[in-house]
Amino acid sequence: MAYDYETIVVGAGAAGMNCCLELQKNNREYLLISPNIGGRICNDEERHMNYGAVFYFGTYKYMLQSGLLIEGPDVLPSLSQGCCHHDDGKQYPPISMTTAADAPSLLKYMKWMREEFIPAYTKFKDNCTVMEVQAALELDPMIKQLYTESAEHMIERMGFGPICHDLISMFAHACTGTKIKDLTALDYLNTVQPLTMQIPPMKLLFCLKRFDFDSEGVKKRLAQGSGEVLIDEVASVSKEGDGWKLTTQGGKSFTCQNVVMASPAHITKELLAPVPGLPELDVRKASQLTGYLVRGKIKPAYSRHTVHLFDDTIPIIYIAKRFDGDYEIFTEVDFEDMRRFDLYFDEWEVVGKKYWEYALYTAAHEALPQNLAPGLIMAGDINGLGMEPACISGIYAANKILGKTQD
């Protein structure tokens, strides 16, 4: 049977974009269909504000290799510019008498992160580019245990409690908007890698940077060579002979040999539900977040620091002062409702806002299969939280099509 395309990639987030780039490198034909370019990289290019993914870590090996992110300033140029907040009103910088009292657990945590977790997790990520997550987990008992246990249990088991309570868990909360008891240990540790320090001199080992994203430039890049880009939404997926047929909301239909479902997991589940013979997708529960760009006068208690982190009993996740004097803020609930910003600002005006009903898939869950049927591959942050795991899943999907995987 003759197909319109060898591969159609659905969704242009970190997974879809990286899948296309790998196919492009190998001169393999594809059509990328997506309502936008970037997915959760929701960038206001005029204001240099991301309402989805806000920063990247120096440990994002694969996402940084893609060249998709434009490097911006450090999120936290020095630890003294940060401030931690407990729900009892206590606040302090990351290096303080409070965290100094946690020195035994801090030293234990940092040593284990540097010597055991980060090397093992780096190898796990490499494996996930050539095999399904389920298979990669079987190769490392430590990573598999972290994938299946809660962050709360891991913290207690490893004796990291004091420093996690006073610092590390606030950073994880800032990255995910999820209560620590609801995070898997692996997702927790993935998000807090940048907070690993060299002791002495109490300096971060990995960069933590904001970034810009050129959606129009990336669109042109993805449409080069063997690739084409269609800004549209897929309305249906069905079997067509030995291949697949996709119809868009714009009324266009295409056939292909391979489909890479790199759309958000809840959309992938909805699109594939009518297709007979596929496994039912039990997708991880997602957090709900709202990103704000706020202009105003912050209260004196918050004016002395650039970045504020809050524990997971507080519905605000973090506040960061920007280069232009405005503030980027993420919350678990609507902060315009009941004027919740009044708690933090004497004067405020919302300049920009984005609500994410499905922000990050964070709840504990067993790894889902990525190969759902011959020529049907699922990608995205279905089995791991954030840009880097999503990026890697897209590379895996491309490698599967290229015949470079080990499964």
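**Exercise 1. Decide whether methionine 338 is buried or exposed, and describe its backbone.**

Methionine 338 is exposed, with a relative accessible area of 65%, where exposed means over 50%, buried under 20% and partly exposed in between, using a 1.4 Å probe and protein chains only. This is a predicted model, in which local features need pLDDT of at least 70 and side-chain atom pairs count only at pLDDT 80 or more, while totals for chains, interfaces and linings use all residues. Residues are numbered from 1 along each chain as its sequence is written, and side-chain values use heavy atoms, with hydrogens and water left out.

Next, locate the residue: methionine 338 sits in the loop between β19 (327–331) and β20 (345–361), strands being DSSP runs of E with at least two residues and helices runs of H or I with at least four, numbered from the N terminus. Finally, its phi is positive, about 60°, although methionine 338 is not a glycine. Most residues other than glycine have a negative phi.

**Exercise 2. Work out how arginine 339 is placed and how exposed it is.**

Arginine 339 also belongs to the loop between β19 and β20. Its phi is positive as well, near 50°, and its relative accessible area of 48% makes arginine 339 partly exposed.

**Exercise 3. Describe how helix α1 meets helix α10.**

Begin with the axes, which are lines fitted to C-alpha atoms over the stretch in contact, with angles from 0 to 180 degrees between N-to-C directions. Those of α1 (residues 14–25) and α10 (residues 215–222) come within 10 Å and cross at roughly 35°. Then list the residues in contact, that is, with heavy atoms within 4.5 Å: Met17, Cys20, Leu21 and Gln24 of α1 meet Val218, Arg221 and Leu222 of α10.
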